[in-house]
Amino acid sequence: MAKHIQKEIQRGVESWVSLGNRRPHLSIILVGDNPASHTYVRNKIRAASAVGICSELILKPKDVSQEELLDVTDQLNMDPRVSGILVQLPLPEAVQLCSGFEMLGI
């Protein structure tokens with residue numbers, strides 16, 4: 001079933017691109033060194049690639065400031081090639097969760 005869904009999404013992406021649209025692009029922000037988060041993100045990158053979605057991983061240290069994260073997301077929000085942004089949780093305690101959602105315009 002999962003392979004069928006994957007193929008369906010892949011066909012949809014390729015159809016979208018063949019119509020002259022930009023290939024979907026996922027930007028992922030990963031803060032810190034949580035092994036489970038790294039595994040989750042690695043799997044998301046693989047899944048995106050399998051269906052023809054471009055992705056990029058932006059790694060930040062666990063002591064990143066809230067201001068720096070806001071700057072990164074502001075840049076991504078203004079980047080016309082970015083279709084989606086994933087901010088991997090958990091975020092450091094110094095970064096408020098509500099600010100994480102606000103930085104994505106949610």
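Begin by selecting the three strands of this predicted model: they form an open sheet in the order β2-β1-β3, and the pairing is parallel. Colour β2 and β3 (84-87) next; these strands stand at the edges, each with a single partner strand, so one side of each is left without a neighbour in the sheet. On average, and with direction ignored, neighbouring strands of this sheet are turned by 15 degrees against each other. As general background, strands of a sheet pair through backbone hydrogen bonds, either parallel or antiparallel.

Now restrict the view to two strands. Select residues 25-31 for β1 and residues 54-60 for β2; these parallel strands are joined by 7 bridges. Which residue of β2 is the bridge partner of I29? The partner to select is I58. Select I28 as well, and its bridge partner in β2 will be found at L57. While the side chains are displayed, recall that in a regular strand they alternate between the two faces of the sheet.

Add residues 35-50, which are helix α2, to the selection. Together, β1, α2 and β2 make a β-α-β unit, and this unit is right-handed.

Finally, move to helix α1, which covers residues 2-18, and select W16 within this helix. How exposed is W16? The relative accessibility of W16 is 45%; buried means under 20% and exposed means over 50%, so W16 counts as partly exposed. To see the surroundings of W16, display N21, R22 and P24: W16 touches these residues, leaving aside residues up to four places away in sequence.

Terms used. Residues are numbered from 1 along each chain as its sequence is written. This is a predicted model: local features need pLDDT of at least 70, side-chain atom pairs count only at pLDDT 80 or more; totals for chains, interfaces and linings use all residues. Side-chain values use heavy atoms; hydrogens and water are left out. Two strands pair if DSSP finds at least two bridges between them. Helices (H or I, at least four residues) and strands (E, at least two) are DSSP runs, numbered from the N terminus. A crossover is right-handed if, with the strands pointing away from the viewer, the path from the first strand over the helix to the second runs clockwise. Axes are lines fitted to C-alpha atoms, for helices over the stretch in contact, and angles run from 0 to 180 degrees between N-to-C directions. Buried means under 20% relative accessible area, exposed over 50%, partly exposed in between (1.4 Å probe, protein chains only). Contact means heavy atoms within 4.5 Å.
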